[in-house]
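Me: Could you take a close look at one part of this model for me, the place where the last helices come together? I'd like one connected walk through the packing there, please.

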Amino acid sequence: MRSLLALLMVTLALAVLCCCEKDPNGPPGSPSADSIKIKKEVANTFVKRQKRSSLYERYFEYYKSPMEQMHERCENYPPCDYLSDQIGFYMAYNRFFGRY
């Protein structure tokens, strides 16, 4: 069994050496590192950045909704955060901060 495994390992090692041998001249059609690089202007034609389309999206990017502010307030207060995991956010917030 060991001799069969050793023979298989030697065969695979020789196959790797034969297949992965680098030709110093290289085939004429192979790309080099210089031909892969492209100019920034050309690259920008392929990749376009998505623009913001409305004031509504810009507003919500900078300002949080009142509900999100309440969630953060509850999360920053450990007893409220713990209780919100047990009985839910609405009941925990009402218990610690009153009506929302």
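Reply: Among contacts between residues at least 6 apart in sequence, just 6% join residues at least 24 apart. That is for a predicted model of 100 residues, 8% of which count as buried. The protein has 7 helices and 0 strands, so to speak a plain run of α-α-α-α-α-α-α from the N terminus on.

Now for the part you asked about. Helix α6 covers residues 78–87 and helix α7 covers residues 89–97. The two pack at an angle of about 145 degrees, and their axes are 7 Å apart. As for handedness, the crossing of α6 past α7 is right-handed. On the α6 side, the contact is made by P79, C80, L83, S84 and I87. From α7 come F89, M91, A92, Y93, R95, F96 and F97. Sort those by class and you get 10 nonpolar residues, 1 polar and 1 charged.

A92 is a handy place to stand and look across at α6. Leaving out residues up to four places away in sequence, A92 touches C80, L83, S84 and I87.

Several of these names come back in the largest nonpolar core, which has 7 residues in all: M70, C74, C80, L83, F89, A92 and Y93. Helix α5 (66–76) joins in here, since α5, α6 and α7 each supply at least two residues of this core. The top contributor is α7, with 3 residues. As a general point, nonpolar side chains in soluble globular proteins tend to be buried together.

Two of the core residues, C74 and C80, are also tied to each other by a disulfide, with their sulfur atoms 1.9 Å apart. A disulfide, in general, is a covalent bond between the sulfur atoms of two cysteines. A search of the whole structure turns up 1 disulfide. The link of C74 and C80 is left-handed, at -95 degrees about the S-S bond. Both ends are tucked away: C74 is buried, and C80 is buried too.

What about S84, buried or exposed? This serine sits in helix α6, and it counts as buried because its relative accessibility is 15%, under the 20% cut-off. Setting aside residues up to four places away in sequence, S84 touches C74, F89 and A92. C74 and S84 are therefore in contact, in a set where S84 counts as buried at 15%.

R73 is worth a look as well. This arginine is found in helix α5, and with a relative accessible area of 45% it is partly exposed; buried would need under 20%, and exposed over 50%. What does R73 touch, not counting residues up to four places away in sequence? Y93 and F97 are the answer. R73 and F97 are 24 residues apart in sequence, yet their C-alpha atoms are 9.2 Å apart in space.

To pull the threads together: α6 and α7 pack with a right-handed crossing, α5 shares a nonpolar core with them, and the disulfide of C74 and C80 has both of its cysteines buried.

Technical notes. Residues numbered from 1 in each chain as written. Predicted model: local features only at pLDDT ≥ 70, side-chain atom pairs only at ≥ 80, totals over all residues. Heavy atoms only, no water. Axes fitted to C-alpha atoms, helices over the stretch in contact; angles between N-to-C directions. Helix = DSSP H or I, 4+ residues; strand = E, 2+ residues; numbered from the N terminus. Left-handed = near helix turned anticlockwise from the far one by under 90°. Contact = heavy atoms within 4.5 Å. Nonpolar A, V, L, I, M, F, W, Y, C, P; charged D, E, K, R; others polar. Core = buried A, V, L, I, M, F, W, Y, C linked by side-chain atoms within 4.5 Å. Buried < 20%, exposed > 50% of the residue type's maximum accessible area, 1.4 Å probe, protein only. Disulfide = S-S within 2.5 Å.
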